[in-house]
Amino acid sequence: MNDRPMTHKFPRNGVLAALAIGLAARLLHAWTYYGWKYDDEHWQVMEPANGLVHGFWHRTVEWQEGLRSWIYPWLVSWLIRLAEALGLKDAIFIASFIRSAHGVLSLVGVTAAAILTWRWCQANSAARPFARGATLATAWWLALLPYSVYMGAHCHGESVGAVFLVCALLAMQMERAVLAGLLFGGALAIKIDLAVLGLMAGLWYLGTRRVGEALKLAVGVVGPVLLVGLVDKLTGGTWFQNVLGHARVNLVEEIGNQWGVSPWYQHILFVLSMGGLPLLSALALLPTAWKGLSRELKTAWIVMAGFVAVFSYVEHKEKRFMTPLLYLSAAAACATCAAGAPAVGAWARRHPLGLKAVAAAAAAGVTLHLATEVRNYITERPWHERVLALRAGGLATGVEKFVSCQWPANFYFPRHIPAVNAACTRENITKMAKGIRAISVVHDGPHIGWWEEEGFKCAPWPHPRRQSKDPVPAAWRCERTL
């Protein structure tokens, strides 16, 4: 067993404070931002989950071809049911409820990362005196990093999978390989791409001649794997349909490339931007600290490196694809920095001016990084105004029908009147206007005048919040005058 007798005490109060502040940040974000930065949150999770509850939803190409698993949307569908049972009827508030639940779950990942940092430090004599500081650094970094707040409070398989993965590494540290395999399996059940991390852990076990532990991992993961296959069989008629289809379109047909391609090193930059100063510092210290690291901490680094390497092969890249490493990378980085702290201290005593220069550069870098993160993930809110426009159109009074032009986000459509999504061409408007006295229109095109040509008088419907400078989202109430 690698764990040596623990010294000092786990900084429980400091970690709890970080969790409390982190929870407040996630709830505030969940209840003030109604849009999304990464479209999969809506189209691949909330929209099909809404279909399970209410029967109407917009099927994207992935769902038409059976490239997604129903496991995660099914779980989210129960959050929708719970929200409605608690009296929430407004779709944007139901979405906020779903995100709040995810925000709470993300704090499990923060907690596991803090405990993992502590245990890794206690397993290393050089890191042990710095265990409290490293643990608190992990907790506070993950609690308040804007990207962590955003992804923790939004509905993505990658961010939910990140919680499973850091818990799996914690189970490995505690020598509970079967439990670790079960957690790896839970991650791949949420998002099949995350099978790579469990595979890397198993291969590393085999490479270091820990065959028994590798077999225990396999025992733990087999149940979730069979569940994935069974769900595909029941919902699509073919065992592992989403697994095979997902691999085909991404690795063979490269369908995702239509959304953009990036150079091989882009995921490395994404991980560095996610890990910030702790990760950069750890990578600088890793060559000298590696020998003294516990084998489980080494496993974490190998697993993360393998994950990045595999996904670097896929040409289409997004930062969210690296989110599974969010909690794990912070824990590994802070524990490694603790292991390298004695060497840094010795260097600092010899070069006091150099220490001041490094500290100033680090402070400037962290400030710039966090300011950029706040802008990208907190203050910039894509789709927010469009969702509010959909809501405003659904609240228009005295209308007989709701029409959303070009925005098929059925989850946000009103349920008390007929609601449709349709391209608002001149021909379609003539058809939709037939027999209607008053209609609510959510429009991003320039041709609201076509409705007036059909005999309607249209007026902008008041937004529940102040209209943004973006002229695209608009809700109109049109009443027939002829």
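Hi everyone, let me start with helix α12, whose buried residues pack against α11 (211–236). Please keep in mind that this is a predicted model.

Which residues of α12 are buried? They are N242, G245, H246 and V249. Looking down the axis of α12, you find these buried residues within an arc of 100°, so they line one face of the helix. L244 and V252 sit on the other side of α12, and they are exposed. The length of this helix works out too: at 1.5 Å a residue, the 12 residues of α12 (residues 241–252) should span 16 Å, and the end C-alpha atoms are indeed 16 Å apart.

Now for the backbone around here. Just after α12 comes E254, with a positive phi near 55°. In the loop between α11 and α12 we meet F240, another non-glycine residue with a positive phi, near 55°. Is F240 buried, partly exposed or exposed? Its relative accessibility is 25%, so F240 counts as partly exposed. Going back along the chain, the loop between α10 (195–207) and α11 holds R209. R209 is not a glycine either, yet its phi is positive at about 65°. With 77% relative accessibility, R209 counts as exposed. I point these residues out because most residues other than glycine have a negative phi.

Let's go inside. The largest nonpolar core has 113 residues, and the members touching the most others are W120, F184, W301, M322, L325, Y327 and Y412. Which helix gives this core its largest share? That is α5 (residues 91–122), with 15 residues. If we skip neighbours within four places in sequence, W120 is in contact with Q173, S294, E296, L297, A300, L328, A331, A332 and A335. Apart from this core lies another one of 17 residues, including A422, I436, I448 and A474.

Helix α5 also contains T117. T117 has 0% relative accessibility, so it counts as buried. Beyond residues up to four places away in sequence, T117 touches A134, T135, T138, A331, C334 and A335. For a sense of distance, T117 and H154 are 37 residues apart along the chain, and their C-alpha atoms are separated by 25 Å.

Last stop, the sheet. Here 5 strands form an open sheet, ordered β2-β1-β3-β5-β4, with mixed pairing. At the edges are β2 (419–421) and β4 (456–460), each pairing on one side only. On average, and ignoring direction, neighbouring strands of this sheet are turned by 20° against each other.

How do β3 and β5 pair, parallel or antiparallel? Strand β3 (residues 438–442) and strand β5 (residues 475–480) run antiparallel over 5 bridges. Within that pair, V441 stands opposite W476 in β5.

Helices pack on this sheet as well. One of them is α17 (residues 384–395), which touches β1 (401–404), β3 and β5. The direction of α17 makes about 175° with that of β3. Then there is α18 (residues 426–433), which packs on the sheet and touches β1, β2, β3, β4 and β5. The direction of α18 makes about 165° with that of β1.

That's my tour; thanks for listening, and I'm happy to turn the model around on screen for anyone.

Definitions and conventions. Residues numbered from 1 in each chain as written. Predicted model: local features only at pLDDT ≥ 70, side-chain atom pairs only at ≥ 80, totals over all residues. Heavy atoms only, no water. Pairing = 2+ DSSP bridges. Helix = DSSP H or I, 4+ residues; strand = E, 2+ residues; numbered from the N terminus. Axes fitted to C-alpha atoms, helices over the stretch in contact; angles between N-to-C directions. Contact = heavy atoms within 4.5 Å. Expected span 1.5 Å × (residues − 1). Buried < 20%, exposed > 50% of the residue type's maximum accessible area, 1.4 Å probe, protein only. Arc of directions from axis to C-beta. Core = buried A, V, L, I, M, F, W, Y, C linked by side-chain atoms within 4.5 Å.
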